[in-house]
Amino acid sequence: MRVRGASLILAVLLLGALPAHAQTTGQRPVRRVEVDAGGGFLGGAGLGSADANLRAGDPVRRPFRLFSTGSRFASAPTFHVRAGFAFSRRIGVEGGLMLSRPDIRTSISADVEDAPQITIAERVDQYGIDASVVVMVSELSLGGRTVPFVAAGAGYLRQLHEGLTVVEQGHVYHAGGGVKHWLLSRDRGILSGAGVRADARLYLMAGGIAFEDRPRPHVAVSGSVFVTF
Amino acid sequence: MKTFTLAISIASVAVAVLSQDAHAYLHFAISAPGQSRVLKWHRTPVRWFTTDRGVPGVSASDLQAAMARAFATWEAVPTASITFQFTGFTGAEPFDDDNVSVLGFQAHPEMERVLGATGFLVDTITEEIVESDIFFNSTFQWSTAAQGDPARFDLESVAVHEIGHFLGLGHSALGETEMRPDGGRRVLGSGAVMFPISLGRGITHDRELQPDDIAGVSDLYPEAGFRGRSGVARGQVTRNGAGILGAHVTAFDPRTGALIAAFTLNSDGEFQIAGLAPGPHVIRVEPLDDADVESFFSRPRSIDIAFLVTFHDRLFIAPAGGAGERFTVAVRPK
């Protein structure tokens, strides 16, 4: 019953949207190449906890704990550039580079010699290079100038410390969506359009500086300015 | 809490032995005017004999087999390049200066808390170990049973420790103990085979090397590529701006749980920990316990223990090859 209810709500939404699609998609020309740049915020993620343990002297006892740690990547500003290509009004691909400088923060507690609890940190440079498939949801557009989209993709993660003294690599997967709002649209000239874009994404980062094997989820929001050619 | 007096081994060295200045772990070294030089074997495979005498519960062949397993444990460290060769049984005694390395049982009832000991004959010109002997104190009861014997000390475990000395490694301070009613010390936890106190009768944990042991032997006998794949933490421990000698500095890798430690080994409070896996480490500095100092340093009175446990206020990120940025840990006075 719950599934049917959900399907019904979705159907109503689509029916409501379809007339708008019919009125507006014809007003927005196909943009073949799109370039955007902007910034945002990459949310933090837990890196896991670990105890500094010694082997117990008694084989039936648990390990002897010197101290405990819990680590996380702190949230950090991001900067990105992207370039995309639209195959049609609905489907496109894009590739991008995202830069951020998050802190790794480690909280230390429960020291066996009663050292005070402390949080220590170190900053790393983080680069993500990814490719995405972008689907414009024109059916939900507002007035033809504001069009929602969904996107998903994967890429390469690179983390550096102190220049190149530490290089960690991994993979990044993402899914999310956003809206594009065209401020300028014209049929002539090299520049065919320009606008602003807002994104919300869920990143799954695997590898890199990680204390556990499982991918860690980061929520990211960003805004950018785009131009189309 | 962190004191201990029951030593399972002593390093009876034929020359003046000190820890090497500003180097990882405690490596045996000989002092020369203005410097100290690390002692190590220069020629491999290192040849060894066992005595042709057993003790109750351990035959001569059991002794040889346990020693062979213990040598193989060190030889199997992939990041170190040291090899050994069993040469045969001998009627010679350990600690004879005969250029032959002999391992065997000897009765030392006067050493009531010493399970075993390692001695060296060293060429002081080349800093080369030319002979190293190990005795296991037959005053104690020994076992070579695969699962250990609750009433006896595990010969292989103690042999792995003594062979660490045989290679030139000193003691590790990665361990915690508590006082026993008889004045001895009970081990609460140990983070290295080279910790100087036995885990006790029947326990075979020390057959397996720990990260601190592996880093120590790899630093002393590095396999090609070891230094290019592992990182070094270098720094200084100070109190009120002055260097501290003998501070115990531990690097903890939260990814692997590995603990690797070293000491500040000069009056400037400088230390160096090699063999770290690339990536983040928590750095912790603690004083040795006053009951402990003689297990590690030949001049215990110069060791500073009047400070509190202190963590470095940044994560240290070990590079893949070479040393990371130098840092200073300013400890709090007691």
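Chain A and chain B touch each other in this predicted model, with 29 residues of chain A and 37 residues of chain B taking part in the contact. Below, we start at that contact, then move to the barrel in chain A, and finish with chain B and the nonpolar cores.

**Where the two chains meet**

- On chain A's side of the contact, the elements giving two or more residues are β2 (45-56), β3 (64-73), β6 (103-109) and β7 (118-123).
- The largest share on that side comes from β2(A), which puts in six residues.
- Sort chain A's contact residues by type and you get 17 nonpolar, seven polar and five charged.
- β2(A) also pairs across the chains: two bridges join it to strand β13 of chain B (residues 185-190), and the two strands run antiparallel.
- If you want to find this spot in the structure, look for A:Arg55, whose bridge partner in β13(B) is B:Ser190.

**The barrel in chain A**

- Eight strands of chain A close into a barrel, in the order β1-β4-β5-β8-β9-β10-β11-β12, with antiparallel pairing.
- Ignoring direction, neighbouring strands in this sheet are turned by 25 degrees against each other on average.
- Take β5 (residues 91-100) and β8 (residues 125-136) of chain A: ten bridges hold this antiparallel pair, and A:Gly95 sits opposite A:Ala131 of β8(A).
- Now follow β12(A), which has a barrel neighbour on either hand in β1 and β11.
- With β1 (residues 33-42) of chain A, β12(A) makes an antiparallel pair over nine bridges, and A:Gly38 has A:Ser224 as its bridge partner there.
- With β11 (residues 193-207) of chain A, β12(A) pairs over 13 bridges, again antiparallel, and A:Met205 stands opposite A:Arg216.

**Two faces of one strand**

- Which side chains of strand β12 (residues 216-228) of chain A point to the buried face? They are A:Arg216, A:His218, A:Ala220, A:Ser222, A:Ser224, A:Phe226 and A:Thr228.
- The side chains in between point to the other face and are not buried: A:Pro217, A:Val219, A:Val221, A:Gly223, A:Val225 and A:Val227.
- So don't guess burial from residue type here, because the buried list includes A:Arg216 while the list that is not buried includes A:Val219.

**A look at chain B**

- Chain B contains four helices and 22 strands.
- Of its 334 residues, 55% are buried.
- Looking at chain B contacts between residues at least 6 apart in sequence, 68% link residues at least 24 apart.
- Is B:Gly119, in strand β8 (residues 116-123) of chain B, buried or exposed? B:Gly119 is buried, because 21 other C-beta atoms lie within 10 Å and the cut-off for being buried is 20 or more.
- B:Gly119 and B:Ala224 are 105 residues apart along the chain, and their C-alpha atoms are separated by 29 Å.

**Nonpolar cores**

- The largest nonpolar core has 105 residues, and those with the most contacts inside it are B:Val217, B:Val249 and B:Ile273.
- Helix α2 (residues 155-167) of chain B is the top contributor to this core, with seven residues.
- Both domain 1 (9-217) and domain 2 (230-330) of chain B supply at least three residues each to this core.
- Leaving out residues up to four places away in sequence, B:Val249 touches several partners, including B:Val237, B:Ala261, B:Phe263, B:Phe271, B:Ile273 and B:Val285.
- Another core lies apart from that one and has six residues, among them A:Leu42, A:Val172, A:Tyr203 and A:Met205.

Note on methods: Residues are numbered from 1 along each chain as its sequence is written. Chains are lettered from A and ligands numbered from 1 in the order in which they are written. This is a predicted model: local features need pLDDT of at least 70, side-chain atom pairs count only at pLDDT 80 or more; totals for chains, interfaces and linings use all residues. Two residues are in contact if their C-beta atoms, placed from the backbone, lie within 7 Å. Ala, Val, Leu, Ile, Met, Phe, Trp, Tyr, Cys and Pro count as nonpolar, Asp, Glu, Lys and Arg as charged, and the others, Gly among them, as polar. Two strands pair if DSSP finds at least two bridges between them. A nonpolar core is a set of buried Ala, Val, Leu, Ile, Met, Phe, Trp, Tyr and Cys residues joined through C-beta atoms within 7 Å. A residue is buried if 20 or more other C-beta atoms lie within 10 Å of its own, exposed if 12 or fewer, and partly exposed in between; C-beta atoms are placed from the backbone. Domain bounds come from an automatic or database domain assignment. Axes are lines fitted to C-alpha atoms, for helices over the stretch in contact, and angles run from 0 to 180 degrees between N-to-C directions.
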